[in-house]
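Colleague: I am new to reading protein models and would like some help. Could we go through a few features together?

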Amino acid sequence: MTSRIPRDSRLRLVRPRPLAAAPRAVNQRRPRRAAPRPPEGTPARSELARMARSGLAGAVRVARWADATLGPGRAGATSDGKATLSDATAERAARELGLTVAQVRADWDTARLAGLVEVHGDSARPGWRLRAWDRDDSAVLRGWVALFDAWSLAHPEPAGHEPAAVAEVVSAMPQVLSFLQLSAGPVPLAQLLDLLEQRVTELRTERCEVPYGPRPEPETPAAAEDAPLAPLLDWALHALASVGALTCGDGQATLTPLGSWAVWVKLEQICVAAQSPAGNIEQSAEDMLRGCAQLRPNAARAEYRAWLAARPVGSAVAELLAAARGDDALLRGLAFEALRVVGAPAEPDVRAVLDEPTLRPYALLWLAEHDGADPEDAHEVLTREEATWLWVDTAAAVADHGEASMLVRHLESAVQPTVPALLDEVRAVGHPRTVQVLVALAAAHPDPALAKAVRRAAFQVHTGRS
(Lines give C-alpha, C1' and ligand atoms only; values in the text may rest on other atoms or scores of the structure.)
Protein backbone atom coordinates (compact mmCIF):
# COMPACT_ATOMS: atom_id res chain seq x y z
CA MET A 1 0.00 0.00 0.00
CA THR A 2 1.31 3.41 -0.88
CA SER A 3 0.62 6.66 0.88
CA ARG A 4 0.58 10.23 -0.24
CA ILE A 5 3.25 11.25 2.27
CA PRO A 6 6.42 9.20 2.95
CA ARG A 7 6.53 7.86 6.47
CA ASP A 8 9.50 9.87 7.71
CA SER A 9 9.47 12.70 5.24
CA ARG A 10 10.90 15.96 6.52
CA LEU A 11 8.27 18.48 7.46
CA ARG A 12 8.24 21.59 5.35
CA LEU A 13 9.56 24.30 7.66
CA VAL A 14 7.20 27.26 7.66
CA ARG A 15 6.89 30.20 9.94
CA PRO A 16 4.13 29.72 12.49
CA ARG A 17 0.94 31.47 11.51
CA PRO A 18 -0.63 34.00 13.89
CA LEU A 19 -2.32 32.35 16.81
CA ALA A 20 -5.68 33.65 15.65
CA ALA A 21 -5.36 31.71 12.39
CA ALA A 22 -7.60 28.97 13.71
CA PRO A 23 -10.65 31.17 14.27
CA ARG A 24 -10.15 32.83 10.92
CA ALA A 25 -10.53 29.62 8.98
CA VAL A 26 -12.76 27.76 11.40
CA ASN A 27 -15.83 29.87 11.18
CA GLN A 28 -18.26 30.48 8.43
CA ARG A 29 -18.03 33.66 6.46
CA ARG A 30 -20.18 36.47 7.68
CA PRO A 31 -21.50 39.26 5.54
CA ARG A 32 -18.96 42.06 5.53
CA ARG A 33 -20.24 45.34 6.88
CA ALA A 34 -19.74 48.16 4.42
CA ALA A 35 -16.88 50.39 5.45
CA PRO A 36 -18.44 53.45 7.11
CA ARG A 37 -17.67 56.86 5.70
CA PRO A 38 -16.84 59.82 7.92
CA PRO A 39 -19.21 62.79 7.99
CA GLU A 40 -19.34 65.00 4.94
CA GLY A 41 -16.62 67.62 5.00
CA THR A 42 -14.11 65.47 6.89
CA PRO A 43 -10.67 65.90 5.28
CA ALA A 44 -8.98 62.95 3.61
CA ARG A 45 -6.79 60.74 5.81
CA SER A 46 -3.66 62.16 4.22
CA GLU A 47 -4.75 65.69 5.16
CA LEU A 48 -5.68 64.59 8.69
CA ALA A 49 -2.25 62.98 9.01
CA ARG A 50 -0.62 66.22 7.81
CA MET A 51 -2.49 68.10 10.55
CA ALA A 52 -1.41 65.56 13.15
CA ARG A 53 2.22 65.76 12.03
CA SER A 54 2.08 69.53 12.32
CA GLY A 55 0.57 69.42 15.80
CA LEU A 56 3.06 66.85 17.07
CA ALA A 57 6.14 68.30 15.38
CA GLY A 58 7.65 69.43 18.69
CA ALA A 59 7.16 66.03 20.30
CA VAL A 60 8.69 64.30 17.28
CA ARG A 61 11.70 66.62 17.38
CA VAL A 62 12.42 65.91 21.04
CA ALA A 63 11.87 62.17 20.59
CA ARG A 64 14.26 62.07 17.63
CA TRP A 65 16.82 64.11 19.54
CA ALA A 66 16.68 61.61 22.40
CA ASP A 67 16.98 58.70 19.98
CA ALA A 68 19.98 60.16 18.16
CA THR A 69 21.78 61.75 21.11
CA LEU A 70 21.17 59.39 24.00
CA GLY A 71 20.94 56.10 22.15
CA PRO A 72 20.05 52.79 23.79
CA GLY A 73 21.49 51.91 27.15
CA ARG A 74 22.78 55.36 28.08
CA ALA A 75 22.54 56.26 31.76
CA GLY A 76 21.22 59.49 33.18
CA ALA A 77 18.48 60.20 30.67
CA THR A 78 15.69 59.64 33.14
CA SER A 79 15.52 60.24 36.83
CA ASP A 80 12.50 58.74 38.55
CA GLY A 81 11.91 55.25 37.23
CA LYS A 82 9.03 56.59 35.11
CA ALA A 83 11.06 57.75 32.10
CA THR A 84 10.79 61.42 33.10
CA LEU A 85 13.73 63.39 31.73
CA SER A 86 16.42 64.14 34.28
CA ASP A 87 17.33 67.78 34.85
CA ALA A 88 20.69 67.38 33.09
CA THR A 89 19.14 65.75 30.03
CA ALA A 90 16.34 68.31 29.79
CA GLU A 91 18.84 71.19 30.02
CA ARG A 92 21.06 69.62 27.37
CA ALA A 93 18.10 69.12 25.03
CA ALA A 94 17.00 72.73 25.58
CA ARG A 95 20.47 74.03 24.66
CA GLU A 96 20.82 71.88 21.55
CA LEU A 97 17.27 72.39 20.27
CA GLY A 98 16.99 76.08 21.12
CA LEU A 99 14.07 75.57 23.49
CA THR A 100 13.31 76.24 27.11
CA VAL A 101 13.50 73.40 29.61
CA ALA A 102 9.73 73.68 30.13
CA GLN A 103 9.15 73.28 26.38
CA VAL A 104 11.40 70.21 26.27
CA ARG A 105 9.58 68.58 29.17
CA ALA A 106 6.16 69.37 27.66
CA ASP A 107 7.18 67.95 24.28
CA TRP A 108 8.68 64.88 25.94
CA ASP A 109 5.45 64.21 27.85
CA THR A 110 3.47 64.63 24.64
CA ALA A 111 5.79 62.18 22.88
CA ARG A 112 5.18 59.63 25.61
CA LEU A 113 1.40 60.04 25.46
CA ALA A 114 1.40 59.74 21.67
CA GLY A 115 3.50 56.57 21.69
CA LEU A 116 6.48 58.23 20.01
CA VAL A 117 8.43 57.22 23.10
CA GLU A 118 7.60 54.00 24.91
CA VAL A 119 8.31 53.42 28.59
CA HIS A 120 9.86 50.07 29.46
CA GLY A 121 10.46 49.64 33.18
CA ASP A 122 12.55 52.60 34.29
CA SER A 123 13.75 53.58 30.83
CA ALA A 124 12.34 54.88 27.56
CA ARG A 125 12.99 53.96 23.96
CA PRO A 126 11.73 55.12 20.56
CA GLY A 127 8.27 53.81 19.76
CA TRP A 128 7.39 52.13 16.49
CA ARG A 129 5.31 55.17 15.55
CA LEU A 130 8.43 57.34 15.56
CA ARG A 131 10.13 54.93 13.14
CA ALA A 132 7.12 55.01 10.82
CA TRP A 133 6.29 58.70 11.26
CA ASP A 134 7.29 60.01 7.84
CA ARG A 135 5.88 57.16 5.77
CA ASP A 136 2.81 55.78 7.54
CA ASP A 137 -0.28 57.99 7.88
CA SER A 138 -2.01 55.34 9.98
CA ALA A 139 0.82 55.38 12.53
CA VAL A 140 0.57 59.17 12.72
CA LEU A 141 -3.20 59.16 13.22
CA ARG A 142 -3.01 56.41 15.83
CA GLY A 143 -0.41 58.44 17.68
CA TRP A 144 -2.61 61.51 17.64
CA VAL A 145 -5.66 59.54 18.81
CA ALA A 146 -3.56 58.14 21.68
CA LEU A 147 -2.78 61.71 22.71
CA PHE A 148 -6.45 62.66 22.31
CA ASP A 149 -7.44 59.78 24.60
CA ALA A 150 -4.98 61.08 27.21
CA TRP A 151 -6.15 64.70 27.15
CA SER A 152 -6.71 64.77 30.93
CA LEU A 153 -3.05 63.85 31.47
CA ALA A 154 -1.71 66.30 28.92
CA HIS A 155 -2.98 69.34 30.84
CA PRO A 156 -3.02 69.05 34.68
CA GLU A 157 -6.30 69.82 36.36
CA PRO A 158 -6.55 73.06 38.36
CA ALA A 159 -5.60 72.91 42.01
CA GLY A 160 -8.20 72.98 44.73
CA HIS A 161 -10.77 70.66 43.16
CA GLU A 162 -11.92 67.39 44.65
CA PRO A 163 -10.49 64.36 42.79
CA ALA A 164 -14.00 62.86 42.66
CA ALA A 165 -15.33 65.93 40.86
CA VAL A 166 -12.45 65.85 38.38
CA ALA A 167 -13.09 62.15 37.71
CA GLU A 168 -16.80 62.85 37.10
CA VAL A 169 -16.00 65.52 34.55
CA VAL A 170 -13.52 63.25 32.75
CA SER A 171 -16.19 60.52 32.62
CA ALA A 172 -18.81 62.96 31.32
CA MET A 173 -16.70 64.58 28.58
CA PRO A 174 -17.29 61.87 25.91
CA GLN A 175 -20.95 62.91 25.81
CA VAL A 176 -19.95 66.57 25.56
CA LEU A 177 -17.58 65.73 22.70
CA SER A 178 -20.26 63.69 20.95
CA PHE A 179 -22.62 66.68 21.13
CA LEU A 180 -19.90 68.92 19.67
CA GLN A 181 -19.31 66.44 16.87
CA LEU A 182 -22.99 66.13 16.02
CA SER A 183 -23.38 69.92 16.12
CA ALA A 184 -20.70 70.26 13.41
CA GLY A 185 -19.97 73.84 14.40
CA PRO A 186 -19.48 76.26 17.29
CA VAL A 187 -21.45 75.54 20.46
CA PRO A 188 -21.90 78.12 23.26
CA LEU A 189 -20.05 77.27 26.46
CA ALA A 190 -23.25 77.81 28.47
CA GLN A 191 -24.91 75.02 26.49
CA LEU A 192 -21.93 72.71 27.06
CA LEU A 193 -21.98 73.50 30.78
CA ASP A 194 -25.67 72.59 30.96
CA LEU A 195 -24.99 69.30 29.19
CA LEU A 196 -22.03 68.57 31.47
CA GLU A 197 -24.12 69.21 34.59
CA GLN A 198 -26.85 66.89 33.31
CA ARG A 199 -24.37 64.12 32.55
CA VAL A 200 -22.63 64.45 35.92
CA THR A 201 -26.02 64.28 37.65
CA GLU A 202 -26.77 61.07 35.71
CA LEU A 203 -23.44 59.59 36.77
CA ARG A 204 -24.14 60.38 40.41
CA THR A 205 -27.64 58.90 40.15
CA GLU A 206 -26.27 55.70 38.59
CA ARG A 207 -23.87 55.39 41.52
CA CYS A 208 -26.57 55.65 44.14
CA GLU A 209 -27.96 52.50 45.75
CA VAL A 210 -31.34 52.32 47.50
CA PRO A 211 -30.65 51.23 51.11
CA TYR A 212 -32.64 48.50 52.77
CA GLY A 213 -34.02 48.92 56.28
CA PRO A 214 -34.35 52.19 58.18
CA ARG A 215 -33.00 55.13 56.27
CA PRO A 216 -30.30 57.19 58.01
CA GLU A 217 -30.61 60.89 58.46
CA PRO A 218 -29.61 62.80 55.34
CA GLU A 219 -25.92 63.57 55.29
CA THR A 220 -24.31 66.80 54.26
CA PRO A 221 -23.65 66.66 50.49
CA ALA A 222 -20.09 65.73 49.61
CA ALA A 223 -17.76 68.51 48.63
CA ALA A 224 -17.49 67.04 45.15
CA GLU A 225 -21.22 67.39 44.60
CA ASP A 226 -21.23 71.00 45.79
CA ALA A 227 -18.33 72.05 43.59
CA PRO A 228 -19.24 74.27 40.61
CA LEU A 229 -18.49 72.56 37.31
CA ALA A 230 -17.75 75.67 35.24
CA PRO A 231 -14.03 75.81 36.19
CA LEU A 232 -13.65 72.10 35.45
CA LEU A 233 -15.37 72.48 32.07
CA ASP A 234 -12.98 75.31 31.31
CA TRP A 235 -10.05 73.06 32.26
CA ALA A 236 -11.35 70.16 30.14
CA LEU A 237 -11.88 72.34 27.07
CA HIS A 238 -8.44 73.93 27.37
CA ALA A 239 -6.87 70.49 27.86
CA LEU A 240 -8.58 69.25 24.70
CA ALA A 241 -7.47 72.39 22.92
CA SER A 242 -3.89 71.75 24.02
CA VAL A 243 -3.88 68.41 22.17
CA GLY A 244 -5.47 69.95 19.07
CA ALA A 245 -8.96 68.49 19.44
CA LEU A 246 -10.92 71.74 19.62
CA THR A 247 -10.69 75.52 19.72
CA CYS A 248 -12.21 77.91 22.26
CA GLY A 249 -13.00 81.57 21.84
CA ASP A 250 -15.78 84.16 22.08
CA GLY A 251 -17.69 81.99 24.54
CA GLN A 252 -17.87 79.06 22.12
CA ALA A 253 -16.08 75.77 21.46
CA THR A 254 -15.58 74.05 18.10
CA LEU A 255 -14.03 70.71 17.29
CA THR A 256 -11.08 70.81 14.93
CA PRO A 257 -11.19 68.52 11.88
CA LEU A 258 -8.92 66.11 13.76
CA GLY A 259 -11.09 66.24 16.87
CA SER A 260 -14.30 65.72 14.90
CA TRP A 261 -12.78 62.77 13.04
CA ALA A 262 -11.49 61.16 16.27
CA VAL A 263 -14.88 61.45 18.00
CA TRP A 264 -16.57 59.96 14.93
CA VAL A 265 -14.10 57.04 14.91
CA LYS A 266 -14.85 56.27 18.55
CA LEU A 267 -18.61 56.49 18.04
CA GLU A 268 -18.29 54.18 15.06
CA GLN A 269 -16.32 51.64 17.10
CA ILE A 270 -19.05 51.58 19.72
CA CYS A 271 -21.71 51.16 17.03
CA VAL A 272 -19.81 48.24 15.49
CA ALA A 273 -19.61 46.53 18.87
CA ALA A 274 -23.27 47.20 19.61
CA GLN A 275 -24.26 45.61 16.30
CA SER A 276 -22.26 42.43 16.88
CA PRO A 277 -24.36 39.29 17.41
CA ALA A 278 -23.14 38.79 20.96
CA GLY A 279 -23.26 42.44 22.03
CA ASN A 280 -19.57 42.13 22.82
CA ILE A 281 -19.02 45.50 24.41
CA GLU A 282 -21.14 44.49 27.42
CA GLN A 283 -19.84 40.93 27.73
CA SER A 284 -17.20 39.44 30.01
CA ALA A 285 -13.77 38.96 28.47
CA GLU A 286 -14.41 35.27 27.87
CA ASP A 287 -17.76 35.81 26.16
CA MET A 288 -16.36 38.72 24.17
CA LEU A 289 -13.50 36.55 22.90
CA ARG A 290 -15.90 33.79 21.93
CA GLY A 291 -17.93 36.33 19.99
CA CYS A 292 -14.81 37.62 18.26
CA ALA A 293 -13.83 34.09 17.23
CA GLN A 294 -16.62 34.39 14.67
CA LEU A 295 -15.14 37.54 13.09
CA ARG A 296 -12.46 38.32 10.58
CA PRO A 297 -9.19 39.70 12.05
CA ASN A 298 -9.87 43.39 11.33
CA ALA A 299 -13.41 43.18 12.66
CA ALA A 300 -12.16 41.35 15.74
CA ARG A 301 -9.60 44.07 16.44
CA ALA A 302 -12.35 46.69 16.19
CA GLU A 303 -14.33 44.70 18.75
CA TYR A 304 -11.33 44.50 21.05
CA ARG A 305 -10.83 48.26 20.83
CA ALA A 306 -14.48 49.01 21.59
CA TRP A 307 -14.57 46.52 24.47
CA LEU A 308 -11.37 47.97 25.94
CA ALA A 309 -12.59 51.55 25.55
CA ALA A 310 -15.53 50.77 27.82
CA ARG A 311 -13.35 49.59 30.72
CA PRO A 312 -10.41 50.76 32.85
CA VAL A 313 -7.24 49.38 31.29
CA GLY A 314 -6.08 47.58 34.45
CA SER A 315 -9.26 45.60 35.00
CA ALA A 316 -9.60 44.82 31.28
CA VAL A 317 -6.09 43.38 31.12
CA ALA A 318 -6.69 41.33 34.26
CA GLU A 319 -9.92 39.96 32.78
CA LEU A 320 -8.21 39.00 29.52
CA LEU A 321 -5.42 37.18 31.35
CA ALA A 322 -7.98 35.35 33.48
CA ALA A 323 -9.69 34.17 30.28
CA ALA A 324 -6.30 33.09 28.91
CA ARG A 325 -5.76 30.87 31.95
CA GLY A 326 -8.84 28.79 31.13
CA ASP A 327 -9.00 25.43 29.42
CA ASP A 328 -9.88 26.72 25.95
CA ALA A 329 -6.69 27.18 23.95
CA LEU A 330 -8.53 29.24 21.34
CA LEU A 331 -9.44 31.85 23.94
CA ARG A 332 -5.83 31.89 25.11
CA GLY A 333 -4.63 32.92 21.67
CA LEU A 334 -7.43 35.44 21.20
CA ALA A 335 -6.81 36.97 24.63
CA PHE A 336 -3.24 37.80 23.64
CA GLU A 337 -4.47 39.18 20.32
CA ALA A 338 -6.67 41.54 22.36
CA LEU A 339 -3.69 42.40 24.57
CA ARG A 340 -1.79 43.40 21.43
CA VAL A 341 -4.47 46.04 20.92
CA VAL A 342 -3.92 47.26 24.51
CA GLY A 343 -0.22 47.78 23.82
CA ALA A 344 2.21 49.32 26.30
CA PRO A 345 -0.18 49.60 29.30
CA ALA A 346 -0.43 45.80 29.38
CA GLU A 347 3.33 45.20 29.52
CA PRO A 348 3.74 44.91 33.34
CA ASP A 349 0.88 42.40 33.58
CA VAL A 350 2.16 40.36 30.65
CA ARG A 351 5.64 40.23 32.17
CA ALA A 352 4.11 39.09 35.44
CA VAL A 353 2.76 35.89 33.84
CA LEU A 354 6.09 34.73 32.43
CA ASP A 355 6.38 32.25 35.30
CA GLU A 356 3.08 30.59 34.39
CA PRO A 357 3.87 27.70 32.02
CA THR A 358 0.49 27.90 30.30
CA LEU A 359 0.90 31.57 29.39
CA ARG A 360 4.68 31.89 29.08
CA PRO A 361 5.02 31.20 25.32
CA TYR A 362 2.22 33.64 24.51
CA ALA A 363 3.70 36.26 26.82
CA LEU A 364 7.17 35.88 25.30
CA LEU A 365 5.79 36.37 21.79
CA TRP A 366 3.76 39.39 22.95
CA LEU A 367 6.79 41.00 24.58
CA ALA A 368 9.01 40.32 21.58
CA GLU A 369 6.55 42.02 19.24
CA HIS A 370 6.04 44.85 21.73
CA ASP A 371 9.81 45.40 21.78
CA GLY A 372 9.85 45.77 18.01
CA ALA A 373 10.43 42.26 16.68
CA ASP A 374 8.81 41.39 13.37
CA PRO A 375 5.74 39.22 14.12
CA GLU A 376 7.03 36.72 11.57
CA ASP A 377 10.28 36.33 13.51
CA ALA A 378 9.01 36.73 17.08
CA HIS A 379 8.87 32.93 17.57
CA GLU A 380 12.68 32.92 17.66
CA VAL A 381 12.53 34.06 21.30
CA LEU A 382 11.00 30.71 22.28
CA THR A 383 13.05 27.73 23.36
CA ARG A 384 12.49 24.47 21.51
CA GLU A 385 10.40 23.19 24.42
CA GLU A 386 8.29 26.38 24.56
CA ALA A 387 7.72 26.27 20.81
CA THR A 388 6.60 22.64 21.05
CA TRP A 389 4.24 23.43 23.93
CA LEU A 390 2.77 26.26 21.88
CA TRP A 391 2.40 23.96 18.87
CA VAL A 392 0.37 21.52 20.97
CA ASP A 393 -1.73 24.32 22.48
CA THR A 394 -2.53 25.75 19.05
CA ALA A 395 -3.30 22.24 17.78
CA ALA A 396 -5.75 21.88 20.68
CA ALA A 397 -7.50 25.06 19.56
CA VAL A 398 -7.70 23.75 16.00
CA ALA A 399 -8.92 20.34 17.17
CA ASP A 400 -11.66 21.94 19.28
CA HIS A 401 -12.80 24.61 16.84
CA GLY A 402 -11.34 23.87 13.43
CA GLU A 403 -11.57 21.44 10.56
CA ALA A 404 -9.55 18.26 10.07
CA SER A 405 -7.70 19.75 7.10
CA MET A 406 -6.50 22.61 9.28
CA LEU A 407 -5.06 20.19 11.80
CA VAL A 408 -3.16 18.39 9.04
CA ARG A 409 -1.80 21.71 7.76
CA HIS A 410 -0.83 22.67 11.30
CA LEU A 411 1.60 19.74 11.25
CA GLU A 412 3.72 21.70 8.79
CA SER A 413 4.30 24.55 11.24
CA ALA A 414 6.20 22.37 13.74
CA VAL A 415 9.84 23.31 14.35
CA GLN A 416 10.94 19.67 14.35
CA PRO A 417 12.33 18.41 11.00
CA THR A 418 10.64 14.98 11.08
CA VAL A 419 7.43 13.50 12.40
CA PRO A 420 9.25 11.09 14.78
CA ALA A 421 11.22 13.99 16.24
CA LEU A 422 8.02 15.99 16.68
CA LEU A 423 6.29 13.08 18.42
CA ASP A 424 9.24 12.54 20.77
CA GLU A 425 9.27 16.18 21.81
CA VAL A 426 5.49 16.44 22.06
CA ARG A 427 5.48 13.47 24.45
CA ALA A 428 8.24 15.08 26.53
CA VAL A 429 6.70 18.56 26.79
CA GLY A 430 3.84 17.40 29.00
CA HIS A 431 0.96 19.48 27.62
CA PRO A 432 -2.31 18.38 29.26
CA ARG A 433 -4.05 18.09 25.87
CA THR A 434 -1.34 15.99 24.22
CA VAL A 435 -3.38 12.80 23.99
CA GLN A 436 -6.46 14.51 22.53
CA VAL A 437 -4.35 16.41 20.00
CA LEU A 438 -2.54 13.30 18.82
CA VAL A 439 -5.74 11.28 18.57
CA ALA A 440 -7.40 14.04 16.53
CA LEU A 441 -4.35 14.34 14.27
CA ALA A 442 -4.25 10.60 13.70
CA ALA A 443 -7.92 10.59 12.79
CA ALA A 444 -7.49 13.52 10.38
CA HIS A 445 -4.28 12.60 8.57
CA PRO A 446 -4.64 10.90 5.16
CA ASP A 447 -1.37 8.91 5.45
CA PRO A 448 -2.19 5.57 7.17
CA ALA A 449 1.42 4.96 8.22
CA LEU A 450 1.82 8.40 9.74
CA ALA A 451 -1.57 8.17 11.40
CA LYS A 452 -0.57 4.84 12.93
CA ALA A 453 2.62 6.36 14.36
CA VAL A 454 0.67 9.26 15.84
CA ARG A 455 -1.90 6.90 17.41
CA ARG A 456 0.93 4.86 18.91
CA ALA A 457 2.41 8.06 20.41
CA ALA A 458 -0.99 8.98 21.85
CA PHE A 459 -1.29 5.54 23.42
CA GLN A 460 2.19 5.84 24.95
CA VAL A 461 1.37 9.21 26.48
CA HIS A 462 -1.94 7.91 27.77
CA THR A 463 -0.36 4.83 29.42
CA GLY A 464 2.82 6.57 30.52
CA ARG A 465 5.06 4.34 28.39
CA SER A 466 8.20 5.63 26.76
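Modeller: Here is a short tour, from the whole protein down to single residues and helices. Keep in mind that this is a predicted model.

Colleague: Gladly! How many helices and strands are there in the protein?

Modeller: The protein has 24 helices and five strands. Of its 466 residues, 42% are buried. You can also look at contacts between residues at least 6 apart in sequence: 67% of these join residues at least 24 apart.

Colleague: Next, backbone angles. What should I know about the sign of phi?

Modeller: The general idea is that most residues other than glycine have a negative phi. Now look at Ala 184, where phi is near 55 degrees, a positive value. Asp 250 also has a positive phi, near 55 degrees, and neither residue is glycine.

Colleague: Where does Ala 184 lie, and is Ala 184 buried or exposed?

Modeller: Ala 184 is in the loop that runs between helix H9 (163-183) and strand E3 (187-188). Its relative accessibility is 70%, so Ala 184 counts as exposed, the cut-off for that being over 50%.

Colleague: And what about the place of Asp 250?

Modeller: Asp 250 sits in the loop between strand E4 (246-249) and strand E5 (252-255). With a relative accessible area of 83%, Asp 250 is exposed.

Colleague: Let's move on to helices. Which residues point the same way in an α-helix?

Modeller: An α-helix has 3.6 residues a turn, so residues three or four places apart point the same way. Try this on helix H23 (residues 434-444), where Thr 434, Val 437, Leu 438, Leu 441 and Ala 442 are buried. These residues cover an arc of only 130 degrees around the axis, so they are on the same side of H23.

Colleague: What do the buried residues of H23 pack against?

Modeller: They pack against four helices: H20 (384-401), H21 (404-410), H22 (419-429) and H24 (448-463).

Colleague: My last topic is a helix pair. At what angle do the axes of H15 and H17 cross?

Modeller: The axes of helix H15 (residues 297-309) and helix H17 (residues 329-342) cross at roughly 65 degrees and come within 9 Å. That angle is why H15 is described as roughly perpendicular to H17. The crossing is right-handed.

Colleague: Which residues meet there?

Modeller: From H15 come Arg 301, Tyr 304, Arg 305 and Leu 308, which meet Leu 334, Glu 337, Ala 338, Val 341 and Val 342 in H17. Six residues of this contact are nonpolar, three are charged and none is polar.

Definitions and conventions
Residues numbered from 1 in each chain as written. Predicted model: local features only at pLDDT ≥ 70, side-chain atom pairs only at ≥ 80, totals over all residues. Heavy atoms only, no water. Helix = DSSP H or I, 4+ residues; strand = E, 2+ residues; numbered from the N terminus. Buried < 20%, exposed > 50% of the residue type's maximum accessible area, 1.4 Å probe, protein only. Axes fitted to C-alpha atoms, helices over the stretch in contact; angles between N-to-C directions. Parallel < 35°, antiparallel > 145°, perpendicular 65-115°, else oblique. Left-handed = near helix turned anticlockwise from the far one by under 90°. Contact = heavy atoms within 4.5 Å. Nonpolar A, V, L, I, M, F, W, Y, C, P; charged D, E, K, R; others polar. Arc of directions from axis to C-beta.
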